[in-house]
Amino acid sequence: MKSIAVVGANLAGGRAVESLRQAGFDGRITLIGEEPWRPYERPPLSKEVLWDPANVPDNFFLHDEAWYADNRIDMRLGVRAEALDLTAGGVRLGGGELVQADRILLATGGSARKLNMEGTDAANVHYLRTRDDATRMAADLKDGARIVIIGMGVIGAEVAASAIKLGCRVTAIEPFAAPMIRALGPQFGQWLGNEHHQRGVDTRFGRGVNAMRVLDGRVTQVELDDGSLVDCDAVVVGVGIVPETSLAKDAGIVTNNGIIVDRQCRTSNENVFAAGDVAEQDSFFGGHIRQETYQNAADQAQAAALAMLGQDVDYCKPAWYWSDQFDLNIQFCGHIPAQAEVTLRGDMASNQFTAFFRSGETIEGILTVNRAPDMGIGKRLIERRAKASAGQLADADVSLREILKQAG
């Protein structure tokens, strides 16, 4: 094999090219990305980049420019991959240029899901997916600005916390009964909603948006489904992403809610692989899932790189993510099973606790708030399908490490 093309100069794409060189691949590597930036970290977009867009953290980029030159990565940035030309063996760029490749990795991620209503293209309506998105949004997050946030998933909740930090007056609109309810479940979603409310967010849960009212090209009011109006200086929309599957679909590669891959990260075409937010993969708990997490993008990209080189790969991990909001470090691993039995270690009132979600006696999900060391062991409990009683899990005198030992 002489050449590999990676489509997507993001975290997954960046980790893939890094892993290819670390594994000893000496052929040509082409990294293709629509953004003008070399691969960077997305978590700071909803935090540090909004707080001070002119001074992004030193570790924002995965590597400095010299690393890509030293490792002979052919960077094609600010360029769109138009098609996979599997007959010619490569990726077609705008203008028809063919980047030849024996193997192709699709790390195309997703685009922000847009609201389907008039006004969503106004200058002060923001979506957060890229560095440029964050820079534009930061210009509207001024002290005293009235900010409406539509959707309180991870992105919406993190932007709400950042906007409060910057002195904005924030109204959060969420059709579910609590923020991040799909990720945290109702009990802990309600806890997080209370934390936002106590810190000054005007939370409107169980409410939807009917319309945006535009004046001189900017949204000045958001109309809710109960008829109430919320005045605003800017709107932030966080209602999920749409996976970028078009390259695969147009090439006849099987897709569903993402590009379907096996545990070697291979698509239905033996020479095309996929990783990150766009990949629909085997779930650790059965069935299929598309994980939109930082860690999955990094880990799956590394697995895909090794699989492209013919190494033995069997990638199937439980989801793990974290979110920093206000003074809260929230981490979750696994999933919340139907009819889960929930056991708490620590005190929710102090915002330092660990929650365990069990099916029978098997631990299938772990949530930590400001108790990161518990997650270090908790991830391994999930991976080993460890069993424990409610009494053991609730008792702080029972070491989680001891429970892990018992799991073998």
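Which handedness, left or right, does the crossing of α1 and α8 have? To find out, open the model, bearing in mind throughout that it is a predicted one, and select helix α1, residues 11–22, together with helix α8, residues 294–308. The crossing of these two helices is right-handed, their axes coming within 8 Å and meeting at an angle of roughly 40 degrees.

With both helices still selected, display the side chains where they touch. On the α1 side the residues are Leu11, Ala12, Arg15, Ala16, Ser19 and Leu20, and they meet Tyr294, Ala297, Ala298, Ala301, Gln302, Ala305 and Met308 of α8. Sorted by class, this contact is made of ten nonpolar, two polar and one charged residues.

Next, move to a second helix pair, α9 (residues 372–383) and α11 (residues 400–407), whose axes lie 10 Å apart and make an angle of about 15 degrees. Because angles under 35 degrees count as roughly parallel, α9 and α11 are described as roughly parallel to each other. The crossing of α9 and α11 is left-handed. Show Asp374, Ile377, Arg380 and Leu381 in α9, and you will find them in contact with Leu400, Arg401, Ile403 and Leu404 in α11. The residues of this contact comprise five nonpolar and three charged ones, with no polar residue among them.

From the helices, turn to charged side chains. The structure contains 27 salt bridges, and three of them make useful stops.

Begin with arginine 80 and glutamate 34, whose side chains form a salt bridge with an N to O distance of 2.7 Å. These partners are 46 residues apart and belong to distant parts of the chain, arginine 80 sitting in the loop between β3 (73–77) and β4 (81–85), and glutamate 34 in the loop between β2 (28–33) and α2 (48–51). Arginine 80 is partly exposed at 41% relative accessibility, whereas glutamate 34, at 52%, is exposed. Add Glu82 to the selection as well, since Glu34, Arg80 and Glu82 are linked in a network of salt bridges.

Then select arginine 146 and aspartate 233, where the side chains meet in a salt bridge of 3.0 Å, again N to O. Arginine 146 belongs to strand β10 (residues 146–150) and aspartate 233 to the loop between β15 (229–231) and β16 (234–237), so this pair ties together parts that are 87 residues apart in sequence. Both partners are partly exposed, arginine 146 with a relative accessible area of 27% and aspartate 233 with 29%.

The third pair is aspartate 226 with arginine 207, a salt bridge in which the closest N and O atoms are 3.8 Å apart. Here the pair ties together parts 19 residues apart in sequence, because aspartate 226 lies in the loop between β14 (218–224) and β15, and arginine 207 in the loop between β12 (202–205) and β13 (209–215). Aspartate 226 is partly exposed at 45% relative accessibility, and arginine 207 is also partly exposed, at 27%.

For the last stop, select asparagine 116, in the loop between β8 (110–112) and β9 (125–127). Is asparagine 116 buried or exposed? Its relative accessibility is 80%, and asparagine 116 therefore counts as exposed. Finally, draw a distance from the C-alpha of asparagine 116 to that of glycine 391: the two residues are 275 residues apart in sequence and 49 Å apart in space.

Notes
Residues are numbered from 1 along each chain as its sequence is written. This is a predicted model: local features need pLDDT of at least 70, side-chain atom pairs count only at pLDDT 80 or more; totals for chains, interfaces and linings use all residues. Side-chain values use heavy atoms; hydrogens and water are left out. Axes are lines fitted to C-alpha atoms, for helices over the stretch in contact, and angles run from 0 to 180 degrees between N-to-C directions. Helices (H or I, at least four residues) and strands (E, at least two) are DSSP runs, numbered from the N terminus. Angles under 35 degrees count as roughly parallel, over 145 as roughly antiparallel, 65 to 115 as roughly perpendicular and the rest as oblique. A crossing is left-handed if the near helix is turned anticlockwise from the far one by less than a right angle, and right-handed if clockwise. Contact means heavy atoms within 4.5 Å. Ala, Val, Leu, Ile, Met, Phe, Trp, Tyr, Cys and Pro count as nonpolar, Asp, Glu, Lys and Arg as charged, and the others, Gly among them, as polar. A salt bridge is a side-chain nitrogen of Lys or Arg within 4 Å of a carboxyl oxygen of Asp or Glu. Buried means under 20% relative accessible area, exposed over 50%, partly exposed in between (1.4 Å probe, protein chains only).
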